[in-house]
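Trainee: I have a model open and a list of terms I keep tripping over. Can we go through them together?

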Amino acid sequence: METAYINSPIGVLELKGSAQGLASVYFTDDKNVAISKICPEYLNEAIVQLREYFEGKRHQFNLKLAPEGTDFQKRVWKQLQEIPFGKTASYQQMANKLGDPKVIRAAASANGKNPISIIIPCHRVIGSDGSLTGFAGGLYRKKWLLEHENPSPQQSLF
(Lines give C-alpha, C1' and ligand atoms only; values in the text may rest on other atoms or scores of the structure.)
Protein backbone atom coordinates (compact mmCIF):
# COMPACT_ATOMS: atom_id res chain seq x y z
CA MET A 1 0.00 0.00 0.00
CA GLU A 2 1.44 3.35 -1.05
CA THR A 3 0.77 6.62 0.79
CA ALA A 4 0.94 10.21 -0.39
CA TYR A 5 0.05 13.55 1.14
CA ILE A 6 -1.15 16.54 -0.87
CA ASN A 7 -2.23 20.04 0.00
CA SER A 8 -5.75 21.17 -0.77
CA PRO A 9 -7.50 24.49 -0.16
CA ILE A 10 -9.07 22.97 2.96
CA GLY A 11 -6.19 21.00 4.39
CA VAL A 12 -3.84 18.12 3.81
CA LEU A 13 -5.19 14.93 2.25
CA GLU A 14 -3.70 11.50 2.91
CA LEU A 15 -4.14 9.05 0.03
CA LYS A 16 -3.52 5.32 0.19
CA GLY A 17 -3.69 2.84 -2.63
CA SER A 18 -2.21 -0.13 -4.43
CA ALA A 19 -2.51 -1.97 -7.73
CA GLN A 20 -6.06 -2.89 -6.64
CA GLY A 21 -7.03 0.80 -6.61
CA LEU A 22 -7.44 3.80 -4.36
CA ALA A 23 -8.22 2.60 -0.83
CA SER A 24 -8.59 5.85 1.10
CA VAL A 25 -8.57 9.63 0.99
CA TYR A 26 -8.74 11.28 4.41
CA PHE A 27 -8.19 14.78 5.68
CA THR A 28 -5.40 14.92 8.22
CA ASP A 29 -4.70 17.65 10.72
CA ASP A 30 -1.22 16.23 11.43
CA LYS A 31 1.15 19.16 10.92
CA ASN A 32 4.19 16.85 10.70
CA VAL A 33 3.40 15.09 7.42
CA ALA A 34 5.67 15.59 4.44
CA ILE A 35 3.77 16.70 1.34
CA SER A 36 4.56 14.28 -1.48
CA LYS A 37 6.90 15.76 -4.07
CA ILE A 38 7.01 12.58 -6.14
CA CYS A 39 3.71 10.84 -6.76
CA PRO A 40 3.69 7.14 -5.93
CA GLU A 41 2.83 5.07 -9.00
CA TYR A 42 -0.57 3.84 -7.82
CA LEU A 43 -1.65 7.25 -6.53
CA ASN A 44 -0.48 9.46 -9.38
CA GLU A 45 -3.80 9.62 -11.25
CA ALA A 46 -5.79 10.22 -8.04
CA ILE A 47 -3.49 13.13 -7.17
CA VAL A 48 -3.85 14.61 -10.66
CA GLN A 49 -7.66 14.30 -10.58
CA LEU A 50 -7.97 15.74 -7.05
CA ARG A 51 -5.86 18.74 -8.04
CA GLU A 52 -8.07 19.26 -11.11
CA TYR A 53 -11.16 19.04 -8.87
CA PHE A 54 -9.84 21.71 -6.52
CA GLU A 55 -8.90 23.91 -9.51
CA GLY A 56 -12.51 23.67 -10.73
CA LYS A 57 -11.50 21.71 -13.84
CA ARG A 58 -12.99 18.32 -12.87
CA HIS A 59 -16.56 17.42 -11.95
CA GLN A 60 -16.25 13.63 -12.11
CA PHE A 61 -13.56 11.21 -11.05
CA ASN A 62 -12.45 8.28 -13.18
CA LEU A 63 -10.37 6.14 -10.86
CA LYS A 64 -10.07 2.51 -9.87
CA LEU A 65 -11.42 2.39 -6.30
CA ALA A 66 -10.79 -0.29 -3.69
CA PRO A 67 -12.54 0.77 -0.47
CA GLU A 68 -12.76 -1.85 2.25
CA GLY A 69 -16.12 -2.33 3.93
CA THR A 70 -19.17 -4.53 4.31
CA ASP A 71 -21.42 -5.30 1.36
CA PHE A 72 -24.00 -2.83 2.71
CA GLN A 73 -21.39 -0.09 3.11
CA LYS A 74 -20.22 -0.67 -0.45
CA ARG A 75 -23.83 -0.37 -1.69
CA VAL A 76 -24.14 2.96 0.13
CA TRP A 77 -20.81 4.20 -1.24
CA LYS A 78 -21.89 3.21 -4.76
CA GLN A 79 -25.11 5.16 -4.22
CA LEU A 80 -23.08 8.20 -3.11
CA GLN A 81 -21.23 8.16 -6.42
CA GLU A 82 -24.56 8.62 -8.21
CA ILE A 83 -25.20 12.01 -6.60
CA PRO A 84 -24.29 14.49 -9.35
CA PHE A 85 -21.71 17.23 -8.94
CA GLY A 86 -23.39 20.34 -7.56
CA LYS A 87 -26.36 18.39 -6.15
CA THR A 88 -27.20 17.01 -2.72
CA ALA A 89 -29.32 14.17 -1.35
CA SER A 90 -30.74 13.55 2.09
CA TYR A 91 -30.08 10.50 4.22
CA GLN A 92 -33.76 9.60 3.76
CA GLN A 93 -33.44 9.78 -0.02
CA MET A 94 -30.39 7.53 0.24
CA ALA A 95 -32.32 4.97 2.30
CA ASN A 96 -35.23 5.07 -0.13
CA LYS A 97 -32.92 4.47 -3.10
CA LEU A 98 -31.38 1.54 -1.24
CA GLY A 99 -34.88 0.04 -1.24
CA ASP A 100 -35.86 0.42 2.42
CA PRO A 101 -36.75 3.73 4.07
CA LYS A 102 -36.07 2.13 7.46
CA VAL A 103 -32.31 1.79 6.82
CA ILE A 104 -31.77 5.53 7.22
CA ARG A 105 -29.55 5.14 10.31
CA ALA A 106 -27.54 2.33 8.76
CA ALA A 107 -27.12 4.36 5.57
CA ALA A 108 -25.98 7.38 7.61
CA SER A 109 -23.51 5.20 9.51
CA ALA A 110 -22.10 3.74 6.27
CA ASN A 111 -21.86 7.24 4.84
CA GLY A 112 -19.81 8.27 7.86
CA LYS A 113 -17.43 5.36 7.34
CA ASN A 114 -16.70 6.23 3.71
CA PRO A 115 -12.91 5.84 3.37
CA ILE A 116 -12.56 7.79 0.11
CA SER A 117 -13.53 11.36 0.87
CA ILE A 118 -14.43 13.73 -1.98
CA ILE A 119 -14.13 11.07 -4.71
CA ILE A 120 -16.95 9.09 -3.10
CA PRO A 121 -18.87 12.28 -2.32
CA CYS A 122 -20.27 11.72 1.16
CA HIS A 123 -20.16 15.51 1.59
CA ARG A 124 -23.17 15.74 -0.75
CA VAL A 125 -25.49 14.14 1.82
CA ILE A 126 -27.41 16.59 4.00
CA GLY A 127 -30.25 16.45 6.51
CA SER A 128 -33.84 16.14 5.26
CA ASP A 129 -34.41 19.74 6.35
CA GLY A 130 -31.47 20.90 4.21
CA SER A 131 -29.11 21.31 7.16
CA LEU A 132 -25.46 20.39 7.17
CA THR A 133 -24.93 17.25 9.19
CA GLY A 134 -21.87 15.26 10.22
CA PHE A 135 -18.77 14.98 8.08
CA ALA A 136 -15.63 13.19 9.26
CA GLY A 137 -13.47 15.95 7.79
CA GLY A 138 -15.35 18.65 9.71
CA LEU A 139 -18.45 20.65 8.83
CA TYR A 140 -16.40 23.64 7.65
CA ARG A 141 -14.82 21.40 5.01
CA LYS A 142 -18.22 19.98 4.01
CA LYS A 143 -19.54 23.52 3.61
CA TRP A 144 -16.51 24.48 1.50
CA LEU A 145 -16.88 21.41 -0.75
CA LEU A 146 -20.60 22.05 -1.33
CA GLU A 147 -19.97 25.70 -2.12
CA HIS A 148 -17.09 24.71 -4.41
CA GLU A 149 -19.50 22.50 -6.35
CA ASN A 150 -22.35 25.02 -6.30
CA PRO A 151 -23.27 26.00 -9.87
CA SER A 152 -24.10 29.52 -8.60
CA PRO A 153 -20.87 30.45 -6.80
CA GLN A 154 -21.95 34.03 -6.10
CA GLN A 155 -24.40 32.69 -3.52
CA SER A 156 -23.59 30.72 -0.41
CA LEU A 157 -25.56 27.53 0.12
CA PHE A 158 -25.25 27.77 3.91
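Mentor: We will take two helices, two pockets and one record entry in turn. Keep in mind that this is a predicted model.

Trainee: Which residues of helix α4 are called buried, and what makes them so?

Mentor: Buried means under 20% relative accessible area. In α4, residues 104–112, the residues A107, A110 and N111 are buried. So each of these has a value under 20%.

Trainee: How do you know that they lie on the same side of α4?

Mentor: Look at the arc around the axis. The buried residues cover only 105°, which puts them on the same side of α4. The face turned away from that side carries R105 and G112, which are exposed. Exposed needs over 50% relative accessible area.

Trainee: What do the buried residues of α4 pack against?

Mentor: They pack against α2 (71–80), α3 (91–97) and β5 (125–126). The test for contact is heavy atoms within 4.5 Å.

Trainee: Now α2. Why do you say that its buried residues line one face?

Mentor: List them: Q73, V76, W77, Q79 and L80. Seen down the axis, they fall within an arc of 155°, so they line one face of the helix. On the other side, D71 and K78 are exposed. The cover over the buried residues of α2 includes α3, α4 and β5.

Trainee: Next, the pockets. How much space lies in the largest pocket, and which residues are closest to its centre?

Mentor: The space is about 260 Å³. The lining has 14 residues, and the closest to the centre are H59, Q60, F61, Q81 and I119. By class, the lining divides into nine nonpolar, four polar and one charged.

Trainee: What is the volume of the second largest pocket, and which element gives the largest share of its lining?

Mentor: The volume is about 170 Å³. Two elements, β3 (21–28) and α4, give two or more residues to the lining. The largest share, three residues, comes from β3.

Trainee: How many residues of that second lining are polar, and what makes glycine one of them?

Mentor: The lining has six nonpolar, six polar and no charged residues. Glycine counts as polar in this scheme. G112, G134 and G137 are among the lining residues, so they fall in the polar class.

Trainee: Last one. What does UniProt list for residues 4–66?

Mentor: The unreviewed entry gives "domain: Methylguanine DNA methyltransferase ribonuclease-like". In the model, the end C-alpha atoms of that span lie 16 Å apart. The span is 17% helix and 33% strand.

Terms used:
Residues are numbered from 1 along each chain as its sequence is written. This is a predicted model: local features need pLDDT of at least 70, side-chain atom pairs count only at pLDDT 80 or more; totals for chains, interfaces and linings use all residues. Side-chain values use heavy atoms; hydrogens and water are left out. Buried means under 20% relative accessible area, exposed over 50%, partly exposed in between (1.4 Å probe, protein chains only). Helices (H or I, at least four residues) and strands (E, at least two) are DSSP runs, numbered from the N terminus. The arc is that of the directions from the helix axis to the C-beta atoms. UniProt positions are given in the numbering used here, feature names are shortened, and annotations may be inferred rather than shown by experiment. On a 1 Å grid over the protein atoms alone, a cavity is a set of points where a 1.4 Å probe fits but cannot get out, and a pocket is an open set with protein on both sides within 12 Å along at least five of seven lines; lining residues have an atom within 4 Å of a point. Grid points are joined across faces, edges and corners, and a volume is the space filled by probe spheres set on the points.
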